[in-house]
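This report describes a protein chain and the DNA strands beside it. The overall fold comes before the DNA contacts, the pockets and some points of backbone geometry.

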Amino acid sequence: MPELPEVETIRRTLACRVEGRRIRAAWFLSPLVADGRPEVLSARLKGARIERLDRLGKHLLARLEGGATLDIHLRMTGKLLWNGEAGRWARAVIELDEGRVVFEDIRQFGRMRWWGEGEGPAGLGPDALGLSLREFAARLKGRRGRVKPLLLNQAVVAGLGNIYVDEALFRAGIHPLAQARRLGLTRMRRLHEAIMMVLNEAIEAGGSSIADYVDAEGARGGFQEWHQVYGRAGLPCVRCAAPVQRMVVSQRGTHYCRVCQRR
DNA sequence: ATCTATTCCTGGCTGC
DNA sequence: TGCAGCCAGGAATAGA
């Protein structure tokens with residue numbers, strides 16, 4: 001599942017390949033194109049130069065000459081492969097003046113969208129990476145609700161998903177069902193630090209490869225080896241040896257230690 | 001505002 | 001070996 005560290009790793013492995021290149025041709029399969037018809041997107045992209053590859057939360061943003069943006073969201077199983085083959089799971093191919101980008105997506109949840117000049121993905125909070133403690137605390141304090149659903153909400157903080165929320169909450173010693181606005185400054189600071197640490201370490205490791213994720217060169221990530229709770233239900237907690245618990249929160253598998261994580 | 005359930009989708013896994 | 005049934009979950013959506 002590409003979350004912030006995986007999308008950032010893809011951005012880093014792809015940016016040097018596509019920045020400055022011109023799009024010769026592109027095709028897309030429905031329903032990949034979120035807003036409009038695939039052939040309209042193809043026509044818009046033809047001949048455009050990619051100035052820069054940015055990231056906001058889990059969105060990859062290809063900044064095009066003239067101010068438009070191609071917004072790419074990988075959702076669950078989307079991959080962007082540099083010079084990949086247009087095989088069984090290809091949903092889009094973007095041919096550049098040198099090389100090509102193949103979008104593969106087994107489960108077809110991924111979406112691409114065109115934004116005109118001055119437009120962009122709507123309703124996103126600030127990117128999780130580089131978010132200050134002050135702003136982070138303010139955004140959680142102003143909300144009712146439990147901490148895990150809030151951290152998963154992209155309008156609150158952009159970029160966190162199921163894996164990194166579980167990992168950050170464990171490292172901060174906070175229960176996923178804790179009321180966010182009742183977290184004191186100490187625990188808020190610990191949570192902020194845990195998020196930064198987990199995201200930075202995961203980027204350093206090239207992301208987490210549970211099943212499908214690979215970067216633009218086809219390389220798997222290594223951070224799954226460092227997961228402390230995610231996917232470890234029933235195994236001993238790395239801190240206290242009590243079995244890691246699993247429950248469902250917001251329709252998502254939630255992994256935590258009932259000894260180390262307090263409400 | 002916050003919550004839950006539903007939808008999309010298919011490879012991989014479990015159990016028989 | 002085959003097969004049915006379930007599971008994984010990001011985000012949009014509807015309804016309570």
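The polar contacts to DNA strand B give a starting point: in this predicted model, a polar side-chain atom of R88 lies 3.0 Å from a phosphate oxygen of that strand. The other contacts of this kind are taken up below, after the fold.

**Overall fold**

Chain A contains six helices and 10 strands. Its radius of gyration is 19 Å, close to the 18 Å that the globule rule gives for 263 residues, so chain A is as compact as a globular protein of that length. Taken along the principal axes, the C-alpha atoms of chain A fill a box of roughly 55 × 35 × 30 Å. Of the 263 residues in chain A, 53% are buried.

**DNA strand B**

The residues around DNA strand B are R88, W89, I106, R107, Q108, F109, R143, R144, G145, R146 and Q251. By class, this surface has five charged, three polar and three nonpolar residues. Among the atoms of DNA strand B within 4 Å of the protein, sugar or phosphate accounts for 69%, and bases for the rest. Besides R88, the side chains of Q108 and R146 come up to the phosphates: a polar side-chain atom of Q108 is 3.2 Å from a phosphate oxygen of DNA strand B, and an N or O atom in the side chain of R146 is 3.3 Å from one.

**DNA strand C**

DNA strand C is surrounded by 13 residues, of which the closest are H73, M76, R107, F109 and R246. These 13 residues divide into five charged, four polar and four nonpolar. For DNA strand C, 60% of the atoms within 4 Å of the protein belong to sugar or phosphate, and the others to bases. R107 and F109 appear in the surroundings of DNA strand B and among the closest residues to DNA strand C.

The table lists the side-chain contacts to phosphate oxygens for each strand.

| Residue | DNA strand | Distance from polar side-chain atom to phosphate oxygen |
|---|---|---|
| R88 | B | 3.0 Å |
| Q108 | B | 3.2 Å |
| R146 | B | 3.3 Å |
| Q154 | C | 3.4 Å |
| N162 | C | 2.9 Å |
| Y230 | C | 3.1 Å |

**Pockets**

The largest pocket has a volume of about 420 Å³. It is lined by 14 residues, and K58, H73, R75, M76 and R252 are the closest to its centre. The lining of the largest pocket comprises five nonpolar, five polar and four charged residues. H73 and M76, listed here near the pocket centre, are also among the closest residues to DNA strand C.

The second largest pocket holds about 160 Å³ of space. Its lining consists of A34, H59, D71, H73, R75, R111, M112, R113, W115, P121 and A122. Two elements, β4 (69–73) and β8 (111–115), give two or more residues each to this lining. β8 gives the most, with four residues. By class, the lining of the second largest pocket has five nonpolar, two polar and four charged residues. H73 and R75 are found in this lining and close to the centre of the largest pocket.

**Backbone geometry and loops**

Most residues other than glycine have a negative phi, and most peptide bonds are trans. Where does the model depart from this pattern? R75 is not a glycine, yet has a positive phi of about 50 degrees. R75 lies in the loop between β4 and β5 (78–82), and with a relative accessible area of 41% R75 is partly exposed. A241, again not a glycine, has a positive phi of about 75 degrees. A241 is placed in the loop between α6 (185–204) and β9 and counts as exposed, at 53% relative accessibility. The peptide bond from S30 to P31 is cis, with omega near 0 degrees. P31 sits in the loop between β1 (23–28) and α2 (38–45).

A further loop residue is S250, between β9 (245–249) and β10 (252–256). S250 is partly exposed, with a relative accessible area of 30%. S250 and K148 are 102 residues apart in sequence, while their C-alpha atoms are 8.4 Å apart in space.

Notes:
Residues numbered from 1 in each chain as written. Chains lettered and ligands numbered in written order. Predicted model: local features only at pLDDT ≥ 70, side-chain atom pairs only at ≥ 80, totals over all residues. Heavy atoms only, no water. Near = heavy atom within 4 Å. Polar contact = N/O pair within 3.5 Å; in protein donor to acceptor, adjacent residues only side chain to side chain. Nonpolar A, V, L, I, M, F, W, Y, C, P; charged D, E, K, R; others polar. 1 Å grid on protein atoms, 1.4 Å probe; cavity = no way out; pocket = protein on both sides within 12 Å on 5 of 7 lines; lining within 4 Å. Points joined across faces, edges and corners; volume = space filled by probe spheres on them. Rg over C-alpha atoms; globule rule 2.2 N^0.38 Å. Buried < 20%, exposed > 50% of the residue type's maximum accessible area, 1.4 Å probe, protein only.
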